[in-house]
Amino acid sequence: MTQKEVSVAKIAKTMNLKNFTEGVSLKKRHVSVTEVNRPALQLNGYFEHFAAGRVQIIGMVEFAYLQQMTTERKIAAYKKLLSFDIPCVIFCRGFQPDDDFLEIAIRHEIPVLGTEWATADFTAAVIRTLNEELAPCITIHGVLVDVYGEGILIMGESGIGKSEAALELIRRGHRLVTDDAVEIKRIDDNTLVGTSPDITRHFIELRGIGIIDVKSLYGVECVKDKQNIDLVIKLEDWHKDKEYDRLGMEEEYTEFLGNKVVCHSLPIRPGRNLAVICETAAVNHRQKKMGYNAAQELYRRVQENLTKAQSDDEDDDV
């Protein structure tokens, strides 16, 4: 698999960073790892195991250490640090790099950026951004909607009614993430995020009508750029000879990029309101995550009733 990378220009735009080196191209510098580094040891001259491929972050500790160094020592530290092919250096807490640092950085074409964020908060945010940008990604055929905060991925054969179900959900106040093509990114072992390709964002295709712009027709409150995928609903034609799950005692799963997602197969027959079923599935899934399973509760009641009936029979025999 080809290693993914993200340009420093995109990071700077996403994180709203100030550029101290306007003459250095941010688009030519790329990041391919999600970890970051605070070069405190490197400023003191220790470069063993230096992770030069990471974003370098200057926080309060590093900046304070630089302030108490002599000019000669600072310049020597700058030259050594910036001689490596690092993606960029980011100053946090509104700290400003000095002229010597900028001069050497420009000479080596290393971007120097800045932010007002506290170091710890920025570090967490940039790692989260890099995790998302560099995550493994696949594109599948389906529709992704946000229903009561649950990300529902509707799948099925072309023409089975995925877009129509999504449109009805939108009319009922829920939000469209993407129609037809869903880009799925694996953020970690428990998180899959779905987004839309830029070219089809906010559009739905309805056979017989054509392309509609959901954002323009229904407003910005009816669309969303990305959403965690919590539940998959597979639409399929009804087959009278096929057995369908009627209790839901055990969950079924489908897998994307190694992550398992709860999956329900939903048979399609005339008169079934897919939007209402999707809403119910979303609420029921949330309820299960909160620890309540209606099927297990029914099973418990049945078992209690059987136990009570057996006890009554034994009393009658006595």
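This is a short dialogue on how to read some features of a predicted model.

User: Before we start, what should I keep in mind about numbering and confidence?

Analyst: Residues are numbered from 1 along each chain as its sequence is written, and side-chain values use heavy atoms, with hydrogens and water left out. As the model is predicted, local features need pLDDT of at least 70 and side-chain atom pairs count only at pLDDT 80 or more, while totals for chains, interfaces and linings use all residues.

User: Thanks! How many helices and strands does the chain have?

Analyst: Helices (H or I, at least four residues) and strands (E, at least two) are DSSP runs, numbered from the N terminus. Here the chain has ten helices and 17 strands.

User: Is the chain spread out or compact?

Analyst: A handy test is the radius of gyration over C-alpha atoms, set against the globule rule, 2.2 Å times the number of residues to the power 0.38. For these 318 residues the rule gives 20 Å, but the radius of gyration is 28 Å, well over that, so the chain is more spread out than a compact globule. The C-alpha trace spans about 100 × 65 × 35 Å along its principal axes.

User: What share of the residues is buried?

Analyst: Buried means under 20% relative accessible area, exposed over 50%, and partly exposed in between (1.4 Å probe, protein chains only). By that scheme, 44% of the 318 residues count as buried.

User: And which contacts join residues far along the sequence?

Analyst: A contact means heavy atoms within 4.5 Å. Among contacts between residues at least 6 apart in sequence, 69% join residues at least 24 apart. One pair distance to look at is Asn273 and Ala165, which are 108 residues apart in sequence and 8.4 Å apart in space, C-alpha to C-alpha. Asn273 sits in the loop between strand E17 (259-268) and helix H9 (274-289), and is partly exposed at 38% relative accessible area. Ala165, by contrast, is one of the buried residues of H7.

User: Why is helix H7 called largely enclosed?

Analyst: Helix H7 covers residues 162-171, and seven of its ten residues are buried, so the rest of the structure largely encloses it. Among the buried ones are Leu167, Leu169 and Ile170, and also Lys162. After H7 comes Gly173, with a positive phi near 100°.

User: Which residues other than glycine have a positive phi?

Analyst: Two to look at are Glu109, with phi of about 60°, and Tyr148, with phi near 55°. Glu109 lies in the loop between helix H5 (99-107) and strand E7 (112-114), and at 52% relative accessibility it counts as exposed. Tyr148 is in the loop between strand E8 (137-147) and strand E9 (150-156), and is partly exposed, at 41%.

User: How many disulfides are there?

Analyst: In general, a disulfide is a covalent bond between the sulfur atoms of two cysteines. The criterion used is a pair of cysteine sulfur atoms within 2.5 Å, and the structure holds zero disulfides. For Cys222, the nearest cysteine sulfur, that of Cys278, is 16 Å away. For Cys263, the closest is also in Cys278, at 12 Å, too far for a bond.

User: Are those two cysteines, Cys222 and Cys263, buried or exposed?

Analyst: Cys222 counts as buried, at 8% relative accessibility, and Cys263 counts as buried at 5%.
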